[in-house]
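Here are two short exercises to work through with the model open beside you. Take each one a step at a time.

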Amino acid sequence: MLEKTVSQVGTVTQYNYKTYVRLEKGFYQENYIISCSIMPSKVKDGCIYQYKNCTILWNHELILEDLWVRDGKILNPEKLFFEEQAYADVQIDCKGCIIAPGYIDVQINGAFGVDFSETDDVISGIQKVAKGLLEHGVTSFCPTIITSPAEVYQRVLPQVKKCNGSKDGAGVLGLHLEGPFINTSKKGAHNPDNIQSFPNGYKDVIGFYGNMDNVAMVTLAPELDNSEDVITELCKRGIKVSLGHTTADLITGEKAINQGACMITHLFNAMMSFHHRDPHLIGALTSNQISPDRTLYYGLIADGIHTHPSALRIAQRVHPKGLVLITDAISAMGLPTGEHHLGNQRIEIKGKRATIAGTETLCGSIAKLDYCVRNLLKNTGCGEVLALETASLHPAEVLGVTDKKGTLSYGSDADFILLDKSLNVMATYIAGEKVWDSGLISGL
Amino acid sequence: MRLVILDTTNDVSDWTAKYVRRKIHEFNPGPDKYFTLGLPTGSTPLGTYKKLIEFYKEGSLSFKYVKTFNMDEYCDIPRDHPESYHSFMWNNLFKHIDIVPENVHLLDGNAPDLEKECEEYERKIKEAGGIELFLGGIGPDGHIAFNEPGSSLVSRTRVKTLAQETIIANARFFDGDISQVPTRALTVGVGTVMDAKEVMILITGAHKAYALHKAIESGVSHMFTVSAFQMHKSTIFVCDEDATMELKVKTVKYFKGLNSIHMKLVEEPESQK
């Protein structure tokens, strides 16, 4: 129930909304009031929004500060004040919420029953997932295609365009192609029949994938012959290279990183274990062979199942700046508890686990990114700032899009989320527009 | 002249902010009648600004019908430089209160024609009906705004070259690098401040004790520009105990004896109770 009253104080119009929470037996409790003041701004173009009474993630700190938005971008209020002599048209009381940049998931294979690699209608599938991710605070993502036959790439790649998010769903920052150029002995859930090598280097890659305009990221195994050529050529085209599904030793990993690879795919999973005399790829986290002005990023599945809390702590403590939370979620994410038919598999969801029905075999992650952020915080004690940055700033850095995404800096896209003190998502905004609302904070 | 002696710096901030609040309320500003306030920057007024923000937040003070004029601004650093007085005022006062941007006035140290900028500023002050209350602090060498020793006591708003002492003192705000400190500033003149109906000078800390002595117990001199306010018909010096160290016992005793009157000055007018 919503009751609206309007009052006029001088030139300021005050709107008061009273909301009621329904109690048992038809009784309502007055919940509380939100007010927004509409002042006539001097500036005609674009309504100016001021989010007040909030703590914002700004320059690696949570600070008590207002967030200003106009035309879908974060606005510099000081410039507005002195240069345009303008002020807010609408003030929104955030009731002490935290405001952080919208989350970015650079590795997600599907959700809500959709598998991006299997579906016939990838566009509708992506739209469905994009919409469902909003309530988890995700404002952009990289739909991920796992090792597939060539025809899948050639059908899917030209269709999936990079786009900004909207009320209809999170934005697409480009595809993440996880395979098929990986090591069969670390195939994980990938179908070994489709795994490829590139005897002719980049020529084979382009021949296999076809048009790569919409590709943001490729996961490959650096120990494959000709990987130097492939990594160099991909990087030249602005496609980010992540190392994964690999048996690479440390030296091979470092070489690939120095050739341009910038990330490790789901650290600890589908790679050689760390050994103190032969650390393999995991050792790259503390490498002294990587130029100090470069950051090596690594994806981490902090679902509490695929990476042990102790492993989360080790990674976070040795290399916090490189930590990128990913869900690596499969189509079962977002489906209710019980048995589901997905593709040609029967999957059972019990709590936070998805298993092949009737067995205890894990069939992939079903964690949501907002849960992973809270879980990382809880298990590592890394602090809210880092926890939030691992799902916003860091993935934006990996993709080289920090001018628009992943921060609340002036001029950035106004993709942001409101969170309570425990980092539960209260509302999601894309380009300044509210695209999802928990209903728990009245007046947003 | 009044000299208000309070125990601590915090008391000075509290008293000053209450005085400003009372003045605004007595004036009873409205859409056709703005209260005009002159403002300084620097560490001395910070506490007062904090209190004024508190008053706004608790609802006991509005700046809706207040116009402000700042004393000075550096030349040759960008407006949004963290050490610019624009940034200072934004971060320490304006962004926290309900002041309307078009009622805020600061000198533009990057104006293409600095002389014209200064003339315009004087004109705008006149247009606003003059300044009702000018707040100020002082430097250890007695400068008010950037009116360095030797400034004419009838000076108006103009470009001023900073004294070496000021440049050295300000280096701490520019990574200790003296070459980064601006060497010129635009500043209101001593005469500009003298034209205000009322002037209030805040002086706190032992390091300003000699300056307070020179300001009120020595003669009027252009080598100590704040002393000019001995000639102003309504000036209040507000200081803490530490700043009285160089004063005569007689002076301190006399003004402390007036404390009960001073406390009455900050009571809210009947209409606001």
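On a 1 Å grid over the protein atoms alone, a cavity is a set of points where a 1.4 Å probe fits but cannot get out, and its lining residues have an atom within 4 Å of a point. This is a predicted model, in which local features need pLDDT of at least 70, side-chain atom pairs count only at pLDDT 80 or more, and totals for chains, interfaces and linings use all residues. Residues are numbered from 1 along each chain as its sequence is written, and chains are lettered from A in the order in which they are written.

**Exercise 1.** Find which residues line the largest cavity.

Step 1. There is one cavity of 30 Å³ or more.
Step 2. The lining consists of B:Glu73, B:Tyr74, B:Ile77, B:Pro78, B:Arg79, B:Ser84, B:His86, B:Asp108, B:Gly109 and B:Asn110.

**Exercise 2.** Describe the surroundings of strand S17 of chain A.

Step 1. Strands are DSSP runs of E with at least two residues, and helices are runs of H or I with at least four. S17(A) covers residues 215–220, and six of its six residues are buried (under 20% relative accessible area, 1.4 Å probe, protein chains only).
Step 2. Strands pair if DSSP finds at least two bridges between them. Strand S16 (residues 175–178) of chain A runs parallel to S17(A), joined by four bridges; A:His176 has A:Met217 as its bridge partner.
Step 3. On the way from S16(A) to S17(A), the chain passes through helix H4 (residues 202–209) of chain A in a right-handed β-α-β crossover (clockwise from the first strand over the helix to the second, with the strands pointing away from the viewer).
Step 4. Four bridges also link S17(A) to the parallel strand S18 (residues 240–243) of chain A, where A:Leu243 stands opposite A:Leu220.

Notes:
Heavy atoms only, no water. Buried < 20%, exposed > 50% of the residue type's maximum accessible area, 1.4 Å probe, protein only. 1 Å grid on protein atoms, 1.4 Å probe; cavity = no way out; pocket = protein on both sides within 12 Å on 5 of 7 lines; lining within 4 Å. Points joined across faces, edges and corners; volume = space filled by probe spheres on them.
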